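User: I would like to learn how to read a sheet, a pocket and the cysteines in a model such as this one. Could you take me through them in turn?
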Amino acid sequence: MSDIELVSATKSFGGWLKRYKHRSQVLNCEMIFAIYLPPAAEENTVPLLWWLSGLTCTDENFMQKAGAHKTAAELGLAIVCPATSPRGTDLPGEHESYDFGSGAGFYVNATQSPWSQHYRMYDYVTEELPALVQAHFPLNGKQAISGHSMGGHGALICALKNPGRYTSVSAFAPISNPAQCPWGEKALGGYLGDNQEVWKDWDSCELLKAKGSALPLM
């Protein structure tokens with residue numbers, strides 16, 4: 001289990017907004033994530049909401065701008081915000097456009113070189129980071145997932161590919177059919193290659209067609 005190092009801590013609505021950095025084995029780089037712990041976490045374990053952000057965002061955008069801490073404090077709900085891509089890898093062309101590479105991991109597991117060395121955001125947000133936060137924070141195992149735009153896409157595919165893991169999935173203005181839109185075509189083609197049959201495993205509309213969903217979709 002990776003160690004975590006506290007970057008900052010801010011008191012908010014009786015709870016704590018904290019940022020941590022750690023070495024990700026999955027992404028092969030150092031990562032930062034943010035967590036809001038409500039006042040209830042001082043004495044009890046609490047449920048968790050995963051928030052996946054959109055293109056160009058970091059762990060800070062939602063935590064600073066959404067105004068979610070007050071409601072989370074009232075509900076006794078923790079929130080975790082991962083970053084939106086690996087950081088500090090400086091691959092060729094990684095920083096040339098806002099919709100591919102840095103800040104635009106699309107929550108997929110890349111198979112194409114050089115992206116496959118680091119860009120495995122799906123495994124990071126569904127396996128490595130959940131194990132990390134469960135080990136270090138007072139969480140009761142109950143979790144939901146949500147996101148906006150590219151993060152809405154990520155929330156949908158995480159929930160649809162892991163039935164039974166989340167109590168609900170919510171997506172705000174999601175890229176819900178990435179195989180049929182320019183942003184998605186660029187990202188899926190770059191990370192996964194030209195075989196569009198492979199893309200279907202990372203497209204929420206295609207996953208719903210194939211498997212449906214037992215979860216409430218909001």
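User: In which sense do β4 and β5 pair, and over how many bridges?

Analyst: Please keep in mind throughout that this is a predicted model. β4 and β5 pair in the parallel sense, and 3 bridges join them. One such pair can be followed at the level of residues, since Leu49 has Ile79 in β5 as its bridge partner.

User: What is the order of the strands in the open sheet, and which strands are at its edges?

Analyst: A strand order is read across the sheet rather than along the chain. Here the open sheet has 7 strands in the order β1-β2-β3-β5-β4-β6-β7, and its pairing is mixed. The edge strands, β1 (4–12) and β7 (169–172), each pair on one side only. On average, and with direction ignored, neighbouring strands of this sheet are turned by 20 degrees against each other.

User: Which pairings in the sheet are antiparallel, and which residues stand opposite each other there?

Analyst: Let us begin at one edge and move inward. β1 pairs with strand β2 (residues 15–24) in the antiparallel sense over 8 bridges, and Lys11 stands opposite Trp16 in β2. β2 is in turn joined to β3 by 9 bridges, again running antiparallel, with Ser24 opposite Cys29 in β3. These two strands, β2 and β3, form a hairpin with 4 residues between them, and Asn28 in the turn has a positive phi of about 60 degrees. On the next step, β3 and strand β5 (residues 78–81) pair in the antiparallel sense over 3 bridges, where Ala34 has Cys81 in β5 as its bridge partner.

User: What sense of pairing links β4 to β6, and how many residues of β4 are buried?

Analyst: β4 and strand β6 (residues 139–148) pair in the parallel sense over 6 bridges, and Leu52 stands opposite Gly147 in β6. Of the 7 residues of strand β4 (residues 46–52), 6 are buried, so this strand is largely enclosed by the rest of the structure. Strand β3 (residues 29–37) is mostly covered, with 7 of its 9 residues buried.

User: Which residues line the largest pocket, and how is the lining made up by class?

Analyst: A pocket is best read through its volume, its lining residues and the classes of those residues. The space in the largest pocket comes to about 160 Å³. Its lining consists of Leu49, Phe62, Ala66, Gly67, Ala68, Thr71, Ala72, Leu75, Leu77 and Ile79, so that Leu49 and Ile79, the bridge partners described above, are both among the lining residues. By class the lining has 8 nonpolar and 2 polar residues, with no charged ones. The element that gives the most to this lining is helix α2 (residues 69–75), with 3 residues.

User: How many disulfides are found, and how far from Cys29 and Cys181 is the nearest cysteine sulfur?

Analyst: A disulfide is a covalent bond between the sulfur atoms of two cysteines. A search of the whole structure finds 0 disulfides. Cys29 is in no disulfide, the nearest cysteine sulfur being that of Cys158, 17 Å away. Cys181 is likewise in no disulfide, and the nearest cysteine sulfur, which belongs to Cys205, is 10 Å away.

User: Why do Cys29 and Cys181 count as buried?

Analyst: The cut-off for buried is under 20% relative accessible area. Cys29 counts as buried because its relative accessibility is 3%, and Cys181 counts as buried because its relative accessibility is 18%.

Notes:
Residues numbered from 1 in each chain as written. Predicted model: local features only at pLDDT ≥ 70, side-chain atom pairs only at ≥ 80, totals over all residues. Heavy atoms only, no water. 1 Å grid on protein atoms, 1.4 Å probe; cavity = no way out; pocket = protein on both sides within 12 Å on 5 of 7 lines; lining within 4 Å. Points joined across faces, edges and corners; volume = space filled by probe spheres on them. Nonpolar A, V, L, I, M, F, W, Y, C, P; charged D, E, K, R; others polar. Disulfide = S-S within 2.5 Å. Buried < 20%, exposed > 50% of the residue type's maximum accessible area, 1.4 Å probe, protein only. Pairing = 2+ DSSP bridges. Axes fitted to C-alpha atoms, helices over the stretch in contact; angles between N-to-C directions.
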